[in-house]
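Please consider the following sequence and structure together. The discussion proceeds from a pocket to the helices and then to a strand.

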Amino acid sequence: MRIRLPIGLFIAGTVTIATLVFAGERIAFEAQALLLRPTDHVNDASSWGPEVTIYCDKPGCEPGMIYYEVIVDAAGRPRALVNGLEFRFDPSARGRAARAALAARWPAPESGRPFRGYQVVLNAPPERLPTRHVPFPDTEGQAVSITLERAGNYDPYGIYSVTLDNDGEVDFCGMGHVKALGPHQARISRAAFEALVQKFREADFFSLDEHYVSNIAESEDIHLRVRIGDREKMVMDSAGRQVGMPGVIRSLQKAVDEAAGTSRWLGSPDEWASDGGDVPQCPTDLSEAGRRAVVASRRAAGD
């Protein structure tokens with residue numbers, strides 16, 4: 001004899017099970033909090049984890065994101081997490097996402113204490129790797145410069161440009177949402193600059209596509225440019241991971257920031273200088289080129 005359960009009872013049972021599962025995760029999470037006694041969330045970039053990306057293992061998948069609340073120990077290792085919001089996230093990828101979030105490594109907190117933070121994991125399309133090889137130009141006897149420019153969305157970074165030259169000059173210009181507006185200078189050693197150039201060489205930078213542009217309207221636009229003599233290559237990232245941008249590009253962006261020491265000029269939100277008046281005069285050639293590329297890409301996509 002087949003027993004038919006009322007549909008309302010079935011739905012109620014399903015909701016109850018889901019609630020118990022979520023409650024169990026939250027209880028385990030808070031149990032770790034009792035053991036580690038983390039500090040509360042803080043309102044700056046330090047409460048957000050390093051970028052973590054996993055790649056779709058299904059053809060034609062759409063990119064999606066999942067947010068976690070995490071407890072990070074004093075050494076920068078995530079010890080517990082609990083699911084938060086999801087945006088178009090493939091349920092079958094949740095296990096891989098959780099493992100990737102727990103494997104992330106955060107900077108050790110200055111306080112020396114465990115803390116609560118947030119981690120985003122992107123489930124991205126497969127990487128669009130170069131289809132042709134363009135040799136990296138010979139730098140011997142050439143003027144070499146590397147520029148990083150961030151424009152648009154300022155979170156968690158500011159709006160600024162920074163250029164490093166092989167003569168040791170570092171030129172920073174803050175345009176908004178930074179501690180130090182306007183132009184500032186510093187120096188970099190020859191060895192540090194050559195090490196940065198080597199990272200671009202190993203990434204096969206001149207073989208990468210010039211634009212990785214998604215149709216997300218309010219994304220941060222990040223430009224990287226390398227000039228070697230009369231040769232130049234620019235790569236633009238506008239939420240590029242959503243369209244298969246190789247992960248090495250984000251690694252290069254971070255490497256430029258670290259080599260230039262931009263953190264000294266950026267600061268946390270409570271340190272940002274007021275930028276409600278005149279906008280500082282800073283180089284904007286990359287931003288202008290980038291904006292044209294975004295418009296062209298989105299028109300081609302029918303947006």
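Helices, as the term is used here, are DSSP runs of H or I with at least four residues, numbered from the N terminus. The model under discussion is a predicted one. With that usage in place, helix α3 spans residues 190-202, and α3 gives the most to the lining of the second largest pocket, with 5 residues.

The volume of this second largest pocket is about 210 Å³. Its lining is formed by Thr-139, Glu-140, Gly-141, Gln-142, Val-144, Asn-166, Arg-190, Phe-193, Glu-194, Val-197 and Arg-201. Sorted by class, these lining residues comprise 3 nonpolar, 4 polar and 4 charged.

Helix α3 also packs against helix α4, which covers residues 248-260; the angle is about 175° and the axes lie 10 Å apart. Because angles over 145 degrees count as roughly antiparallel, α3 is described as roughly antiparallel to α4. On the α3 side, the contact involves Leu-196, Lys-199 and Phe-200, while α4 contributes Leu-252, Ala-255, Val-256 and Ala-259. This contact has 6 nonpolar residues, no polar residues and 1 charged residue.

Attention now turns to strand β6, residues 159-165, in which Thr-163 is located. The side chain of Thr-163 is joined to that of Thr-147 by a polar contact of 2.8 Å. When neighbours within four places in sequence are set aside, Thr-163 is in contact with Ser-145, Ile-146 and Thr-147, and likewise with Glu-169, Val-170 and Asp-171.

Definitions and conventions. Residues are numbered from 1 along each chain as its sequence is written. This is a predicted model: local features need pLDDT of at least 70, side-chain atom pairs count only at pLDDT 80 or more; totals for chains, interfaces and linings use all residues. Side-chain values use heavy atoms; hydrogens and water are left out. Axes are lines fitted to C-alpha atoms, for helices over the stretch in contact, and angles run from 0 to 180 degrees between N-to-C directions. Helices (H or I, at least four residues) and strands (E, at least two) are DSSP runs, numbered from the N terminus. Angles under 35 degrees count as roughly parallel, over 145 as roughly antiparallel, 65 to 115 as roughly perpendicular and the rest as oblique. Contact means heavy atoms within 4.5 Å. Ala, Val, Leu, Ile, Met, Phe, Trp, Tyr, Cys and Pro count as nonpolar, Asp, Glu, Lys and Arg as charged, and the others, Gly among them, as polar. A polar contact is a pair of N or O atoms within 3.5 Å; within protein, one must be able to donate a hydrogen and the other to accept it, and residues adjacent in sequence count only if both atoms are side-chain atoms. On a 1 Å grid over the protein atoms alone, a cavity is a set of points where a 1.4 Å probe fits but cannot get out, and a pocket is an open set with protein on both sides within 12 Å along at least five of seven lines; lining residues have an atom within 4 Å of a point. Grid points are joined across faces, edges and corners, and a volume is the space filled by probe spheres set on the points.
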